[in-house]
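Visitor: I'm new to this one. Could you show me how to read it, step by step?

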Amino acid sequence: MKLNPVDLIIKKRDGGEHSREELRALIGGIVDESLPDYQLAAWAMAVFFRGMTDAEITELTLAMAESGDTLDLHDAVPAGALIVDKHSSGGVGDKTTLAVGPIAAACGLPVGKMSGRGLSFTGGTIDKLESIRGWQAELDEPRFRRQLREIGLVVAAQTADLAPADKHLYALRDVTGTVNSLPLIAASIMSKKLAAGADAIVLDVKCGRGAFMETLDDARELARLMVAIGDGAGRAVTALITAMEQPLGRAVGNALEVAEAIATLHGNGPADFQELVEQVSAEMVVLGHRHNVDRSAALGQVQEVIRSGAALDKLRAFVAAQGGDVAQIDDPSLLPSAPVVVPVPAPVAGVVTAIDAREIGLTVVALGGGRRAKGAPIDHRVGVMCDAKVGGVVEVGAPLAWVHAADEGIAQTAVARVQAAYAIGAGRETVGSIVLERVASR
Ligand code: URA
């Protein structure tokens, strides 16, 4: 159907609700390049102010999901098995996929995942895995399917042209002040998950200073929208809203995070990260078994594959299949390491009351562990190990954290930044569960 884009912009500007045809026409205009960017940007701004109904968001998501390649991986998994994916909205020190992927696969769920590289102050799974010598992110589709069939675990850089309409709209939102629209974020994330062929999805919606969603209200609404999109698209979705005020775990930086994920698969991860990994994995097991196991049984299964070493074996098999050096998994001290490692002393004694996760993330980018320009190389060796976490008691001069840097000069600048990112006070600070809330359609 041919529609005049001006009519769509005016309708949304005045608070109207789009029909399926209107949204399909809009996305069609992106795909066939007939819709000029200035009109798309004006429409995005109208959505920013007027919002969208759940029905509109679902239709927009489906139209974007179908704007490019769509994967169907069912021929590469056992008959009747569900494809269960996970997605994190991004945070500092978020190496969850590195541990959850092997655990879910060891529990018998096929995990075929396309992951991204770092964005702004948050790292990316592919960058982290590339810390492992020889590990390859670029797999063609036949190889991706073969590995999924043979090992049950693949994590690769996105190759298929998934949701190109989202890619175009996102780039435009990025330069027109319209990224922060909850309906557009929900549609953007979910369109890629649907196109990647997930039957069921566990979403880890990060909330706090180190995340894109800074308030619980926004995180709740984003989670609710994505669950509603899943319902509308016939996919099971569970969202966990998880705390991202302080960095997740202790390690921030690529190789350091790989080592921490390995420790977690040994059952020795930092308490907050170990809990998150086990909870996300258990939700995946519940969805993968179509709710035929309850959450406590699923958690038991997850803890058993960690205890038995099955999850670690899965990581080894996956790393080997993608050309990586398994010796580094067996002995993480062989992972790339920085030449300079210096402590960040506590300026005063007391209790850690806050750690500014965003500032720690930006410090790691400044150390060379993240990108300031698309395609720039990164230094896998560098990062920050936050020894003291919120609630920890520190003595004056004791190390709050350790900076891993390429040289002494850069290290000293980072030490000052990390020190300033820590707030130390008096009294007690209680830290609750990392999982703040759970949002699911059932
Ligand atoms: N991540 C996405 O994929 N899309 C958004 O719009 C925001 C975060």
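Guide: Sure! Keep in mind that this is a predicted model. Let's begin with helix packing: an axis is a line fitted to C-alpha atoms, for helices over the stretch in contact, and the angle runs from 0 to 180 degrees between N-to-C directions.

Visitor: At what angle do helix 5 and helix 14 pack?

Guide: Helix 5 (residues 96-106) meets helix 14 (residues 310-321) at about 110°, and their axes are 8 Å apart. Angles of 65 to 115 degrees count as roughly perpendicular, so helix 5 and helix 14 are roughly perpendicular to each other.

Visitor: Which residues make the contact?

Guide: From helix 5 come Leu98, Pro102, Ile103, Ala105 and Ala106, while helix 14 brings Ala310, Ala311, Lys314 and Leu315. Sorted by type, that's eight nonpolar, no polar and one charged.

Visitor: Now the ligand. Which residues surround it?

Guide: For a shell, look for residues with a heavy atom within 4 Å. Here those are Tyr170, Arg173, Ile185, Ser188, Ile189 and Lys192. They split into three nonpolar, one polar and two charged.

Visitor: Which helix gives the most to that shell?

Guide: Helix 9, with four residues. Helix 8 (164-174) and helix 9 (182-195) each supply at least two.

Visitor: Which side chains have an N or O atom paired with a ligand atom?

Guide: For a polar contact, look for N or O atoms within 3.5 Å of each other. Arg173 has a side-chain N or O atom 2.9 Å from a ligand oxygen, and for Lys192 the distance to a ligand oxygen is 2.5 Å. With Ser188 the partner is a ligand nitrogen, at 2.6 Å. As for cover, the ligand on its own has 240 Å² of accessible area, and the protein covers 84% of that.

Methods
Residues are numbered from 1 along each chain as its sequence is written. This is a predicted model: local features need pLDDT of at least 70, side-chain atom pairs count only at pLDDT 80 or more; totals for chains, interfaces and linings use all residues. Side-chain values use heavy atoms; hydrogens and water are left out. Angles under 35 degrees count as roughly parallel, over 145 as roughly antiparallel, 65 to 115 as roughly perpendicular and the rest as oblique. Contact means heavy atoms within 4.5 Å. Ala, Val, Leu, Ile, Met, Phe, Trp, Tyr, Cys and Pro count as nonpolar, Asp, Glu, Lys and Arg as charged, and the others, Gly among them, as polar. A polar contact is a pair of N or O atoms within 3.5 Å; within protein, one must be able to donate a hydrogen and the other to accept it, and residues adjacent in sequence count only if both atoms are side-chain atoms. Accessible areas come from the Shrake-Rupley method with a 1.4 Å probe; for residues, only the protein chains shown count as cover.
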